[in-house]
Amino acid sequence: MLDAFDDLPQVRNLREHTYEALGDTIVDVGCGSGRAVGELAARGVRAIGIDLDPAMIEVAIERWPIGRFHVGDATALPLDDGAVTGYRADKVLHTLAEPELAVAEARRVLARNGRAVLIGQDWDTFVIDSDDPELTRTLVHARADGMANPRVARRYRNLLLDNGFIDVTVEVHTIVWTDAGCLPVLASIAGEGSWLDGQAARARNDRLFVAVPIFLASGTRAD
Ligand SMILES: C[S@@+](CC[C@H](N)C(=O)[O-])C[C@H]1O[C@@H](n2cnc3c(N)ncnc32)[C@H](O)[C@@H]1O
């Protein structure tokens, strides 16, 4: 599911954008299967991927032997103070009960003038065309309610400001998805059943429409 999303041309461009201004030593926290670390390492950046899930780290090492990967927790990173020039967390903070601890940890591991980038979707704002808008709204909100922090993306700016960052900027880029590659994401929201069948029929008839606003906030470590 992540691969299908991360392969979209719009998402590739957005990911490239997150690599800007992060310097030569970057930690990717919640790195998943390691794509960002691999892409950064391939361009000569010292890139370190950290993920809580050992299975993810195994996949990352296999897929991206050029990168460095470690099992670790976003709220207690296995890095010294000031160890990195850049920090990124892509689609991660919604999984954390206390995302402010991760942002404080970002500040700790960043060197002077280091920059952090937080990126992800707000799980309440999936826009899905369907024949039953009310059910769609219910399904989207039910999925969001099952997460630790479904609306954290709209808090990125405040989290950075409240945890020792300055020069904070925010952008929103909306991903539009109209092909069957989106169906696993919709299945993760709705499960199997007639609603998903309806979306699959839309995909077959080229009538699928999903829009996902992606929030991207960045800030510089305050001294
Ligand atoms: C939705 S995935 C995103 C993966 C990757 N960043 C990407 O953009 O494809 C979220 C990742 O965060 C990891 N994660 C969840 N809680 C974490 C924590 N406390 N510390 C580090 N990683 C965590 C999960 O194991 C998972 O790999």
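Which residues are exposed on the other side of α9? Keep that in mind while you load the model, which is a predicted one.

**Stop 1: helix α9**

Select residues 194-204, which make up α9. Color Trp195, Leu196, Gln199, Ala200, Arg202 and Ala203, since these are the buried residues here. Now look down the helix axis: the buried residues of α9 fall within an arc of 155 degrees, so they line one face of the helix. Swing round to the other side of α9 and you get the answer to the opening question: Ser194 and Arg204 are exposed there.

What do the buried residues of α9 pack against? Show β6 (127-128), α6 (133-145) and α8 (183-190), and you have the packing partners. Before moving on, click Asp206, which follows α9 and has a positive phi, near 55 degrees.

**Stop 2: α6 against α8**

Hide the rest and keep two of those partners, α6 and α8. Their axes are 8 Å apart, and the helices pack at an angle of about 80 degrees. That angle makes α6 roughly perpendicular to α8. For the contact itself, show side chains for Leu139, Val140 and Arg143 on the α6 side, then add Ser188, Ile189 and Ala190 from α8, which they meet. By type, the residues of this contact are four nonpolar, one polar and one charged.

**Stop 3: strand β8**

Next, select residues 210-221, strand β8. Is this strand enclosed or open? Twelve of its twelve residues are buried, so β8 is largely enclosed by the rest of the structure.

Bring in the strands that pair with β8, going through them in turn:

- β7 (residues 165-177) runs antiparallel to β8, and eleven bridges join the two. Pick Val170 and you'll find Ala217 of β8 opposite.
- β5 (residues 110-121) pairs with β8 in the antiparallel sense over seven bridges. Here Ile119 stands opposite Leu216 in β8.
- β6, already seen as a packing partner of α9, pairs with β8 over two bridges, again in the antiparallel sense. Val127 is the residue to click, with Ala211 of β8 opposite.

**Stop 4: helix α2**

Jump back along the chain to residues 9-18, helix α2. Which residues of α2 are buried? Highlight Val11, Leu14, Arg15 and Thr18. Down the axis of α2, those buried residues sit within an arc of 100 degrees, so they line one face of the helix. Pro9 and Asn13 are exposed on the other side of α2.

To see what covers the buried residues of α2, turn on α1 (2-6), α3 (35-42) and β4 (84-90), which are among the covering elements. The cover also includes β5, β7 and β8, so leave those strands on from the previous stop.

**Stop 5: two positive phi values**

Finish with the backbone of two strands you already have on screen. As background, most residues other than glycine have a negative phi.

Go to Asn113, which lies in β5. Phi of Asn113 is positive, near 65 degrees, and this residue is not glycine. With a relative accessibility of 58%, Asn113 counts as exposed, the cut-off being over 50%.

Then center on Asp167, in β7. Asp167 is another residue other than glycine with a positive phi, near 50 degrees. Is Asp167 buried or exposed? The relative accessible area of Asp167 is 53%, which puts this residue in the exposed class.

How values were computed:
Residues numbered from 1 in each chain as written. Predicted model: local features only at pLDDT ≥ 70, side-chain atom pairs only at ≥ 80, totals over all residues. Heavy atoms only, no water. Buried < 20%, exposed > 50% of the residue type's maximum accessible area, 1.4 Å probe, protein only. Helix = DSSP H or I, 4+ residues; strand = E, 2+ residues; numbered from the N terminus. Arc of directions from axis to C-beta. Contact = heavy atoms within 4.5 Å. Axes fitted to C-alpha atoms, helices over the stretch in contact; angles between N-to-C directions. Parallel < 35°, antiparallel > 145°, perpendicular 65-115°, else oblique. Nonpolar A, V, L, I, M, F, W, Y, C, P; charged D, E, K, R; others polar. Pairing = 2+ DSSP bridges.
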